[in-house]
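Here are some exercises to work through with the viewer open. Try each task on your own before you read the solution beneath it.

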Amino acid sequence: MDTNNGSSTTDFILLGFSDRPQLERIISGLVFIFYIVTLVGNTTIILVSYLDAQLHTPMYFFLSNLSFLDLCYATSIVPQMLVNLWGPTKSITYGGCGLQFFFALDLGATECLLLAVMAYDRYAAVCQPLHYTVIMHPQLCQKMVLTAWLGGLGSALILCSLTLKLPRCGHREVDNFFCEMPALIKMACVYSKVMEIIVFALGVVFLLVPLSLILISYGVITQAVVRIKSETRWRKVLNTCGSHLTVVTLFYGTLIYMYMKPQNSTSQDEGKFFTLFYTIITPTLNPLIYTLRNKDVKSAVKRTLCLEKWSAKS
């Protein structure tokens with residue numbers, strides 16, 4: 001069997017739901033709407049967190065980074081997806097596919113670590129309120145975020161290089177909306193046990209370990225919340241922690257289902273719908289969840305808008 005990859009300049013074909021054109025039209029409209037909401041929502045959180053002095057806290061520093069991640073993550077996937085959904089061709093260049101694959105892995109892995117960092121921040125705020133500003137000092141927050149970014153970068157470099165080296169025997173059709181690892185691995189014409197072990201190991205490091213730390217943090221937080229006698233503070237804790245826990249459940253749940261199962265155990269159509277969820281829907285829901293459940297953000301948005309109106313009048 002010829003296991004040459006062929007020319008690196010060969011375009012790939014992103015199949016998506018090309019066998020269901022009516023469904024593709026519906027999906028393309030929904031994806032466009034969700035993308036606009038993602039851009040507006042996450043940009044709003046970043047701007048408000050920067051402009052409002054009352055939000056210059058570790059929690060909103062991490063939230064701004066999460067919003068920036070979601071903006072980059074969606075932008076690395078959605079524009080090319082819409083071009084393919086709306087246009088007559090479904091192709092993407094080899095270089096474009098590699099870049100899309102790399103950035104999706106990098107940003108996704110970084111978000112996994114960042115959500116764990118945010119859970120630690122909530123633990124420190126609820127369980128160590130008197131020492132919170134000492135524990136979560138700016139230098140530590142910056143180092144934690146930098147570690148998350150570098151961790152995501154390292155995992156993306158490893159997986160991207162290994163996946164793109166797999167022999168494809170001339171196969172060009174990627175059975176998904178974008179160049180994602182499960183679809184690219186299925187294109188290979190040989191089975192790689194080493195690749196499966198590496199994917200599982202990194203899945204444990206970037207999915208199961210952070211999720212375990214998050215659950216432990218919230219177990220301790222729950223015990224602390226039970227002892228809170230002030231109803232106002234109790235509600236505030238539930239709002240901020242509830243928002244984060246909702247995001248965690250949506251993001252980790254779908255990723256673990258996709259990446260921690262054997263690659264041949266998930267039907268391709270099922271995999272595409274899960275891919276749509278954590279690449280399109282989750283980045284859209286994150287700003288909505290944090291703003292709708294968080295009075296601080298809503299108040300900051302109102303203050304910023306009022307300040308802009310006052311500046312315009314004067």
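The axes of helix 4 (residues 94-127) and helix 8 come within 9 Å and cross at roughly 15 degrees. Keep that pair in mind for Exercise 3, and remember throughout that this is a predicted model.

**Exercise 1. The overall layout**

Task: Work out how many helices and strands the protein chain has, and in what pattern they follow one another.

Solution:
- Step 1. Count the elements: the protein chain comes to eleven helices and three strands.
- Step 2. Read them along the sequence, which gives the pattern β-α-α-α-β-α-α-α-β-α-α-α-α-α.
- Step 3. Turn to burial: the protein chain has 314 residues, and 47% of them count as buried.
- Step 4. Look at the contacts between residues at least 6 apart in sequence: 80% of these join residues at least 24 apart.

**Exercise 2. Helix 6 against helix 8**

Task: Find out whether helix 6 and helix 8 are roughly parallel or antiparallel, and which residues meet between them.

Solution:
- Step 1. Locate the two elements: helix 6 spans residues 138-164 and helix 8 spans residues 193-226.
- Step 2. Take the geometry: their axes come within 11 Å and cross at roughly 165 degrees.
- Step 3. Apply the cut-off: angles over 145 degrees count as roughly antiparallel, and helix 6 and helix 8 are therefore roughly antiparallel to each other.
- Step 4. Add the handedness: helix 6 passes helix 8 in a left-handed crossing.
- Step 5. List the partners. From helix 6 come Gly151, Gly152, Ser155, Ile158, Leu159, Leu162 and Thr163, and they meet Met195, Ile198, Val199, Leu202 and Phe206 of helix 8.
- Step 6. Sort this contact by class: eight residues are nonpolar, four are polar and none is charged.

**Exercise 3. Helix 4 against helix 8**

Task: Repeat the analysis for helix 4 and helix 8. How are they oriented, and what classes of residue make up their contact?

Solution:
- Step 1. Start from the crossing angle, roughly 15 degrees. That makes helix 4 roughly parallel to helix 8.
- Step 2. Check the handedness: the crossing of helix 4 and helix 8 is left-handed.
- Step 3. Pick out contact residues. Those in helix 4 include Ala109, Cys112, Leu113, Arg122 and Tyr123, while those in helix 8 include Phe206, Pro210, Ile214 and Tyr218.
- Step 4. Sort by class: the contact has 19 nonpolar residues, one polar and one charged.

**Exercise 4. Two residues of helix 8**

Task: Decide whether Pro210 and Tyr218 are buried or exposed, and name what each one touches beyond its sequence neighbours.

Solution:
- Step 1. Place them: Pro210 is in helix 8, and Tyr218 lies in helix 8.
- Step 2. Judge Pro210: its relative accessibility is 3%, so Pro210 counts as buried.
- Step 3. Judge Tyr218: with a relative accessible area of 7%, Tyr218 is buried.
- Step 4. Set aside residues up to four places away in sequence; Pro210 then touches Cys112, Leu113, Ala116, Val204, Val205 and Tyr252.
- Step 5. Do likewise for Tyr218, which is in contact with Ala119, Arg122, Cys241, His244 and Leu245.
- Step 6. Compare sequence with space. Pro210 and Tyr252 are 42 residues apart along the chain, with C-alpha atoms separated by 9.5 Å. Tyr218 and Tyr123 are 95 residues apart, with C-alpha atoms separated by 7.2 Å.

**Exercise 5. Val248 and its surroundings**

Task: Place Val248 in an element and find its contacts.

Solution:
- Step 1. Val248 is in helix 9, residues 231-259.
- Step 2. Val248 has 3% relative accessibility, so it counts as buried.
- Step 3. Leaving aside neighbours within four places in sequence, Val248 is in contact with Leu115, Leu211, Ile214 and Gly253.
- Step 4. One of these partners, Leu211, is 37 residues from Val248 in sequence and 8.1 Å away in space, C-alpha to C-alpha.

**Exercise 6. Aromatic rings**

Task: What kind of pair do the rings of Phe251 and Tyr252 form?

Solution:
- Step 1. Begin with the total: the structure holds nine aromatic pairs.
- Step 2. The ring centres of Phe251 and Tyr252 are 5.9 Å apart and their planes stand at 85 degrees, so the pair is edge-to-face.
- Step 3. Check burial: both Phe251 and Tyr252 are buried.
- Step 4. Look for a cluster: ring pairs link Phe17, Phe177 and Phe273 into one.

Technical notes: Residues are numbered from 1 along each chain as its sequence is written. This is a predicted model: local features need pLDDT of at least 70, side-chain atom pairs count only at pLDDT 80 or more; totals for chains, interfaces and linings use all residues. Side-chain values use heavy atoms; hydrogens and water are left out. Axes are lines fitted to C-alpha atoms, for helices over the stretch in contact, and angles run from 0 to 180 degrees between N-to-C directions. Helices (H or I, at least four residues) and strands (E, at least two) are DSSP runs, numbered from the N terminus. Angles under 35 degrees count as roughly parallel, over 145 as roughly antiparallel, 65 to 115 as roughly perpendicular and the rest as oblique. A crossing is left-handed if the near helix is turned anticlockwise from the far one by less than a right angle, and right-handed if clockwise. Contact means heavy atoms within 4.5 Å. Ala, Val, Leu, Ile, Met, Phe, Trp, Tyr, Cys and Pro count as nonpolar, Asp, Glu, Lys and Arg as charged, and the others, Gly among them, as polar. Rings of Phe, Tyr and Trp (its six-membered ring) pair if their centres lie within 6.5 Å; planes under 30 degrees apart count as stacked, over 60 as edge-to-face and the rest as tilted. Buried means under 20% relative accessible area, exposed over 50%, partly exposed in between (1.4 Å probe, protein chains only).
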